[in-house]
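Biologist: I am new to this structure and would like a close look at one part of it, namely the charged side chains that pair with one another. Please set that part in its surroundings as well.

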Amino acid sequence: FHWGSLYGSSEALALIEFTQKHNCVVLYIARDISHYEQIQKALSFYNTSLTILAFSNWEVLAYDHFSPHPDIVSSRLKTLSQLPSLKTGIVITTLESLSQRLCPTDYIEKYSLSLSRGGQLSIESFVTKLIKIGYRRATTVMEQGEFCIKGALIDLYPMGAKKPYRIDLFDDEIDSIRTFKTSTQRSIKVIEKINLLPAREFAADTQSIVNFEQNYIQEFGKSDGMIATEVSEGRFPGGIEFYLPLFF
């Protein structure tokens, strides 16, 4: 198909009608970030039933010493987790995002965790698992990808979640799970079950680090660089996301 004379938000309306008519998944590649945000807003305005997934740009320069903002990583991981089961809908991205290597399709499922009220949870092993899938320990949970241990309470802000969760333990049993506000730290609503997406687009477990070391030597012929040394010791400097293929 070729469409012409689509001005303003008429392109978004045409996309929605096309997707509904053909009952398929449409990948929309925006020209740049500005166009990406524009089409996303237009689709949200017209759409009432279709699933609209946004796969945003990291918005950092390649191989710079800065990592993407946690909100961006959270949004990307949420989209990647929903893609395998998506039958009808629109996925919006940019050419830059589309040209980057991604984690394998089974990565999200492999490194996700599920918690439910009444289930068993050992704090020590749970903390180890959280660190392996990229979560950061903090004194107070304020943004996605952070967790905090306060005695028998675990505050956790999963990637892809709108609000953080507070897990109350009774010995090794999950007594309650509640959402809370970061600004007041007060609990809001009781939840029966939560799913935890990994906090990064690559894993931080032993096997992933071994993969990185082997692939780094294969690509660069040596392993004495700052990046290689940091990762070998379990630290992940800013901008490590651009080395993502080496972890797999």
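**A charged network and its surroundings**

Modeller: With a relative accessibility of 12%, Glu146 counts as buried, because the limit for that class is under 20%. This value, like the others below, comes from a predicted model. The charged partner of Glu146 is Arg136, and the two form a salt bridge in which the closest N and O atoms are 4.0 Å apart. This pair links distant parts of the chain: Arg136 belongs to strand β5 (residues 136–137) and Glu146 to strand β6 (residues 146–150), ten residues apart. Through shared partners, salt bridges join Arg136, Glu143 and Glu146 into one network.

The remaining contact of interest in this network is between Arg136 and Glu143, whose side chains meet in a salt bridge at 3.3 Å, N to O. Arg136 has a relative accessible area of 32%, so Arg136 is partly exposed. Glu143 is partly exposed too, because its relative accessible area is 29%. Side chains of opposite charge can pair when their charged atoms come close.

How many salt bridges does a search of the whole structure find? The search finds eight. One of them joins Arg117 and Glu192, with 3.2 Å between the closest N and O atoms. Arg117 lies in the loop between β4 (113–116) and α6 (123–132), and Glu192 in the loop between β10 (187–191) and β11 (193–196), so this salt bridge ties together parts that are 75 residues apart in sequence. Arg117 has a relative accessibility of 43% and therefore counts as partly exposed. Glu192, at 46%, is likewise partly exposed.

A charged group can also be placed against a ring in this model, as Arg166 shows: its charged end sits over the ring of Phe180, 4.3 Å from the ring centre.

Rings also pair with rings, and the count comes to 13 aromatic pairs. Among them is the pair of Tyr63 and Tyr243, which is edge-to-face, with 5.5 Å from centre to centre and 80 degrees between the planes. Distant parts of the chain are linked here, since Tyr63 lies in the loop between β2 (51–54) and α3 (70–82) and Tyr243 in the segment after α8 (226–232), 180 residues apart. Are these two residues buried or exposed? Tyr63 is exposed, at a relative accessible area of 51%, whereas Tyr243 is buried, at 18%.

Phe236 and Phe247 form a tilted pair, because their planes stand at 45 degrees, with the ring centres 6.1 Å apart. Both residues lie in the segment after α8, eleven residues apart. Phe247 has a relative accessibility of 1% and so counts as buried. Ring pairs place Phe236 and Phe247 in a cluster that also holds Phe202, Phe212, Tyr216 and Phe220.

Finally, helix α1 may be considered. Helix α1 (residues 10–22) has 13 residues and spans 18 Å from its first C-alpha to its last, close to the expected 18 Å. Its buried residues include Ala12, Leu15, Ile16 and Thr19. An α-helix has 3.6 residues a turn, so residues three or four places apart point the same way. The cover over the buried residues of α1 includes β1 (25–30), α2 (33–46) and β3 (89–94). Just after α1, Asn23 adopts a positive phi of about 50 degrees.

Terms used
Residues are numbered from 1 along each chain as its sequence is written. This is a predicted model: local features need pLDDT of at least 70, side-chain atom pairs count only at pLDDT 80 or more; totals for chains, interfaces and linings use all residues. Side-chain values use heavy atoms; hydrogens and water are left out. Helices (H or I, at least four residues) and strands (E, at least two) are DSSP runs, numbered from the N terminus. Buried means under 20% relative accessible area, exposed over 50%, partly exposed in between (1.4 Å probe, protein chains only). Rings of Phe, Tyr and Trp (its six-membered ring) pair if their centres lie within 6.5 Å; planes under 30 degrees apart count as stacked, over 60 as edge-to-face and the rest as tilted. A charge sits over a ring if NZ of Lys or CZ of Arg is within 6 Å of the ring centre and within 35 degrees of the ring normal. The expected span of a helix is 1.5 Å times one less than its number of residues. Contact means heavy atoms within 4.5 Å.
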